[in-house]
Each structure stands twice: as structure tokens, then as C-alpha cells.
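Student: I'm new to this one and keep tripping over the labels. Can we go through how each of them is earned?

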Amino acid sequence: YFDVSAPWLNRMIERQPKQILRAVDGIDFEIGQGETFGLVGESGCGKSTVARLIVGLYGPTEGSIELEGRDIAGLSRQQMAPMRRRLQMIFQDPYASLNPRWRVRDIIAEPIRAFDLAKGQAAIDARVGDLLETVKLNARDGEKYPHEFSGGQRQRISIARALASEPEFLVCDEPTSALDVSVQAQILNLMKDLQREFGLTYLFISHNLAVVYHISDRVGVMYLGKLVEVAPAKTLFTTPRHPYTRLLLDTIPDLDMSGRERTPVAGEVPNPITPPPGCTFHPRCPFANERCRAEIPMPRPLSDGAIVACHGIEEGRIPDGPMLTLPA
Ligand code: SF4
Ligand code: MG
């Protein structure tokens with residue numbers, strides 16, 4: 001259904017004086033219709049770049065982004081217009097993405113008008129009212145301005161606006177990260193309900209693994225612009241393979257059932273402009289060897305559906321196990 005594909009695709013190059021940053025490089029994944037694909041990683045790993053590439057806010061310098069087999073990365077603005085209706089994005093900060101000078105009803109009506117999805121003011125008003133109720137707000141809330149709502153309510157308004165264009169695919173970039181934990185859960189549950197009701201497909205991006213686990217069918221782990229592991233959510237959380245995935249999991253208290261001391265992810269994320277050679281995780285990896293320092297690991301499928309880019313896993317010298325045990 002949705003295929004971000006070809007091995008060296010989605011290279012995002014930002015030119016800075018004498019520097020080239022490949023924000024994402026060698027990202028390759030597919031998202032099935034009605035599926036939620038979670039993308040996790042530390043800040044600066046390129047997750048948001050992937051989101052912006054997919055909705056056409058950035059163009060890839062190489063590679064393809066396919067929707068139902070059609071490459072949308074090479075489309076002109078005009079050709080992209082009908083796709084824009086089908087692909088919508090929800091951002092982290094709902095306040096920044098809602099025009100503070102517009103009433104909520106006008107914010108939600110804008111895509112309905114832009115894509116000509118309802119004729120006449122009465123029909124548009126009725127549709128806006130329905131959308132507000134769909135996200136569990138009151139139709140009368142349309143008269144208010146964004147600042148009159150709480151963070152969670154504002155995210156509901158953003159979702160209503162995204163749904164206004166009757167999309168099939170929502171790219172959600174840290175949609176709950178600015179919210180309190182209890183409100184986060186409400187928004188996640190709302191998103192799950194909407195997915196069921198409208199058959200939506202989600203790309204759900206977050207640095208928070210617990211949130212990603214809660215909502216995703218499959219999860220991709222990104223490190224320095226590359227996918228290092230992709231697996232069904234349950235497999236990833238019960239049998240993480242890549243050392244980076246294991247270290248990330250070790251930092252979530254709720255998911256660590258081992259009761260032992262947690263080891264924080266060692267070291268800093270390297271400068272993406274001068275990534276380390278070989279496996280870019282090698283300076284932080286307790287299993288790094290000579291090959292890791294020289295050769296870039298390619299993604300390899302395992303028998304249970306996981307895909308892992310790691311020499312140590314491929315060579316069988318990193319034992320399987322729910323958590324990483326640092327070598328003595
Ligand atoms: Fe560690 Fe080597 Fe695997 Fe990279 S390829 S994660 S350095 S074992
Ligand atoms: Mg980001």
C-alpha cells in the first residue's frame with residue numbers, strides 16, 4: 001500500500017557551508033493499509049525528516065516514495081495536490097500548527113473548502129460539527145479560538161482538521177509528546193478508535209518507546225538516519241536484536257521487567273555530518289569489532305519477520321535475549 005523503498009532511497013541532503021548532512025539514508029520500509037508503523041529513535045536521528053519526505057514537505061535527492069505502487073516523490077506540486085488530500089500530517093505542537101487568529105470552525109473548514117468536499121456553508125458547517133464530535137469535542141467548540149483549549153483538546157482539533165480532507169494515511173510526528181501522560185493515553189486511544197472507524201493507516205513517530213509499543217503493529221528503530229531494526233511490535237519488545245534497540249529498551253522503566261540495574265545508553269549521538277565509518281553505532285556498542293568499524297551492516301531478514309542491520313547478529317556472536325547483557 002505504502003512503500004518507502006529502494007535500498008538507497010530518501011537521501012535528504014542539506015547543504016551547509018562545506019558540509020553535507022544525509023539526514024536519512026538507506027531507509028526502506030513498507031506500511032500496509034490499516035497498519036500502524038511506529039518509528040522510534042533519539043532526537044536528531046532523522047525521524048521527522050522521514051515524515052516530511054513522505055508528505056512532500058521535502059523532496060528526496062535519491063530514491064522513491066510510493067503510494068499504492070505510484071512514486072509520489074518525483075511528482076510536481078500540481079501532481080501532488082490530489083495526494084495531499086490522502087496524506088495528512090499531525091505535528092507535536094498542536095498550538096503552533098493551529099492559526100491562533102482563526103476560529104476552530106474555520107481551521108477545520110479550510111481543507112473541506114480547499115478540496116471541495118462539501119458544497120455550501122450549511123453543508124460545511126454540518127461537516128465541521130461532525131468532525132468535532134468525531135474527536136469527542138462539542139460542535140459548539142467551533143466558535144472558539146485555539147487558545148481557549150487545553151493541549152489535549154488542541155491536539156483533537158488538529159486531528160479533526162487532518163480528518164477533514166478524508167485522508168487514508170496520517171503521518172503523526174510525536175503527536176502526544178507535548179502532553180501529560182494521562183492525556184497522552186486519551187489521544188492514543190482516540191487515534192486507535194479513528195483508525196478502526198475510518199480504516200486509517202498511520203506512520204507514528206516518537207522518541208518514546210512505550211507510546212510506540214502501545215499503538216504500533218510494526219516498529220522501525222532509527223539511528224543516525226538509518227533503520228537498524230524493523231520488527232512486529234511484540235517481537236521488537238520481547239526479542240530486541242540490535243544492540244541499539246536493546247539499549248533503548250533498557251532505558252524504559254515500565255518495560256524493564258528484569259529488576260536489575262539499568263544501563264543508560266552509553267556515549268553521545270555522533271555528529272551526523274561526520275558519521276563514524278562502518279556501523280555508525282560502533283562507538284557506543286559493547287559488541288563492536290574490527291569489521292563493525294569498517295563495514296556498513298546491511299539490513300537482513302531473520303526467520304521471525306524481524307529485519308536487523310548488525311554484523312554481530314548476522315555472525316551469531318550476540319546472544320538473543322530480551323535485554324542486553326554487557327560483556328564482562
Ligand atoms: Fe554493534 Fe557491530 Fe552490530 Fe554495529 S554492527 S550494532 S557495532 S555489533
Ligand atoms: Mg523530530
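Student: How do you know that contacts in the protein chain join residues far along the sequence?

Tutor: Take the contacts between residues at least 6 apart in sequence: 64% of them join residues at least 24 apart. Keep in mind that this is a predicted model.

Student: What share of the protein chain counts as buried?

Tutor: It's 41% of the 328 residues. To be buried, a residue needs 20 or more other C-beta atoms within 10 Å of its own.

Student: And why is Pro100 called exposed?

Tutor: The cut-off for exposed is 12 or fewer such atoms. Pro100 has 10 other C-beta atoms within 10 Å, so it is exposed. You'll find Pro100 in the loop between E8 and helix H3 (104-114).

Student: What does Pro100 touch, leaving aside its neighbours within four places in sequence?

Tutor: Pro100 is in contact with Tyr145, Pro146 and His147. Two residues are in contact if their C-beta atoms lie within 7 Å. As for Gly44, 56 residues away along the chain, its C-alpha atom is 28 Å from that of Pro100.

Student: Now strand E9. What makes it mostly covered?

Tutor: Count the buried residues: five of the five in E9 (residues 169-173) pass. Phe169, Val171 and Asp173 are buried on one side, Leu170 and Cys172 on the other, and both faces are covered.

Student: How do you know that E9 pairs with E8 and with E10?

Tutor: Pairing takes at least two bridges between two strands. Strand E8 (residues 87-90) and E9 have four, in the parallel sense, while E9 and strand E10 (residues 201-206) have five, also parallel. Both counts reach the cut-off, so both are pairs. On the E8 side, Leu87 stands opposite Phe169, and Ile90 has Cys172 as its bridge partner. On the E10 side, Asp173 stands opposite Ile205.

Student: Which strands make up the open sheet?

Tutor: There are eight, in the order E8-E9-E10-E5-E11-E12-E14-E13, with mixed pairing.

Student: Why do E8 and E13 stand at the edges?

Tutor: Each of E8 and strand E13 (300-301) has a single partner strand, so one side of each is left without a neighbour in the sheet.

Student: What makes a set of residues the largest nonpolar core here?

Tutor: A nonpolar core is built from buried residues of certain nonpolar kinds, joined through C-beta atoms within 7 Å. The largest such set has 78 residues, and those with the most contacts inside it are Ile54, Ala160, Val171, Leu203 and Val221. Helix H5 (residues 151-164) supplies the largest share, six residues.

Student: Why does this core lie between the domains?

Tutor: Domain 1 (32-60 + 76-216) and domain 2 (231-315) both give residues to the core, so it lies between them. The C-alpha centres of the two domains are 31 Å apart.

Student: Val171 is back again. Which residues is it in contact with, beyond its neighbours within four places in sequence?

Tutor: Val171 is in contact with Ala51, Ile54, Val55, Leu87, Met89 and Leu203.

Student: Last one: how many residues surround ligand 1, and of what kinds?

Tutor: There are 13, the closest being Cys279, Cys285, Cys292, Cys310 and Gly312. The shell divides into nine nonpolar, four polar and no charged residues. Cys counts as nonpolar and Gly as polar, so Cys279 goes with the nonpolar group and Gly312 with the polar one.

Conventions. Residues are numbered from 1 along each chain as its sequence is written. Chains are lettered from A and ligands numbered from 1 in the order in which they are written. This is a predicted model: local features need pLDDT of at least 70, side-chain atom pairs count only at pLDDT 80 or more; totals for chains, interfaces and linings use all residues. A residue is near a molecule or strand if its C-beta atom, placed from the backbone, lies within 6 Å of it. Domain bounds come from an automatic or database domain assignment. Helices (H or I, at least four residues) and strands (E, at least two) are DSSP runs, numbered from the N terminus.
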